Amino acid sequence: MFITSSSRRLRQMSAALALGLVSMPLWAAPTVEMWKDPNCGCCTAWAEHMEANGFEVVQHATPKMNAIKREQGVHPQLASCHTAKVGEHVIEGHVPASDVRRLLESDAKPAVLAVPGMPQGSPGMETGREDEYAVYLWRDGENPEVFSQYPQSQ
């Protein structure tokens, strides 16, 4: 069969496109938008934890964290040092990346996932000591519920 140069070119372009699609990642990294006090190092360490676990993190330094928390609907009892958004979800404090991923995979309605305070041993707060802490799931109009407990038993 006689192949014209235009049909050969079309086949080459189709093959290149197919190879390009195969080599593209099938899973895009979720973007975490995080607000933190400009002087907080543990917040930056949490962002690094998230990036090491496949998230893309955009950081915003602001001295107006209380206003950010109010805007994002963070209940004062769930507050920590930084506030983030992933899609429609709010992530408050030192929540492990595995819990954020589990929330995203649950296809749940918008929620706040929070680690109140700054417990030692949580992501970004690795000091050699490990406090027990809980990750709470909260939706407006509902009571917070325990989503995860740490440290997890082996």
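**Exercise 1. The hairpin of strand 6 and strand 7**

Task: In this predicted model, determine which residue takes a positive phi in the hairpin of strand 6 and strand 7, and how many residues lie between the strands.

Solution: Between the two strands of this hairpin there are 6 residues, and in the hairpin Gly141 adopts a positive phi near 90°. Turning next to the strands themselves, one finds that strand 6 and strand 7 pair in the antiparallel sense, with 5 bridges between them. One of the residue pairs that can be inspected here joins Tyr133 to its bridge partner Tyr150 in strand 7.

**Exercise 2. The sheet and the helices across it**

Task: Establish the order of the strands in the open sheet, and state which strands are at its edges.

Solution: The sheet is open, has 7 strands with mixed pairing, and follows the order 2-1-3-4-5-6-7. Its edge strands are strand 2 and strand 7 (145–150), each of which pairs on one side only. From one strand to the next, the twist averages 20°.

For an example of parallel pairing, consider strand 4 (residues 89–92) and strand 5 (residues 112–114), which are joined over 3 bridges; here Val90 stands opposite Val112 of strand 5.

The helices can then be placed against this sheet. Helix 2 (residues 41–52) lies across strand 1 (31–36), strand 2, strand 3 (83–86) and strand 4, and runs at about 175° to strand 1. Helix 4 (residues 97–105), for its part, lies across strand 3, strand 4, strand 5, strand 6 (133–138) and strand 7, with an angle of about 145° to strand 7.

**Exercise 3. The setting of Thr62**

Task: Decide whether Thr62 counts as buried or exposed, and describe what surrounds Thr62.

Solution: Begin with the position in the chain: Thr62 belongs to the loop that connects strand 2 (56–61) with helix 3 (65–72). The relative accessibility of Thr62 is 15%, and because the cut-off for buried is under 20%, this residue counts as buried. Once neighbours within four places in sequence are left aside, the residues in contact with Thr62 are Trp35, Lys36, Asp37, Pro38 and Ile68. Within the loop's own stretch of sequence, a polar atom of the Thr62 side chain lies 3.1 Å from the backbone nitrogen of Lys64.

**Exercise 4. Two cysteines without a disulfide**

Task: Explain why Cys40 and Cys43 are in no disulfide, given the distance from Cys40 to the nearest cysteine sulfur.

Solution: The structure holds 0 disulfides. For Cys40, the nearest cysteine sulfur is that of Cys43, at 3.0 Å, and likewise the nearest cysteine sulfur to Cys43 is that of Cys40, 3.0 Å away. A disulfide requires the two sulfur atoms to be within 2.5 Å, so this pair does not qualify. As for accessibility, Cys40 counts as buried at 15%, and Cys43 counts as buried at 0%.

**Exercise 5. The chain as a whole**

Task: State how many helices and strands the chain contains, and what share of its residues is buried.

Solution: The chain contains 4 helices and 7 strands, which, read along the sequence, follow the pattern α-β-α-β-α-β-β-α-β-β-β. Of its 154 residues, 38% are buried. The accessible surface comes to about 9,400 Å², and 53% of that surface belongs to carbon and sulfur atoms. Finally, when contacts between residues at least 6 apart in sequence are considered, 51% of them join residues at least 24 apart.

Methods:
Residues numbered from 1 in each chain as written. Predicted model: local features only at pLDDT ≥ 70, side-chain atom pairs only at ≥ 80, totals over all residues. Heavy atoms only, no water. Buried < 20%, exposed > 50% of the residue type's maximum accessible area, 1.4 Å probe, protein only. Polar contact = N/O pair within 3.5 Å; in protein donor to acceptor, adjacent residues only side chain to side chain. Contact = heavy atoms within 4.5 Å. Pairing = 2+ DSSP bridges. Axes fitted to C-alpha atoms, helices over the stretch in contact; angles between N-to-C directions. Areas by Shrake-Rupley, 256 points an atom, 1.4 Å probe, with all protein chains shown as cover.
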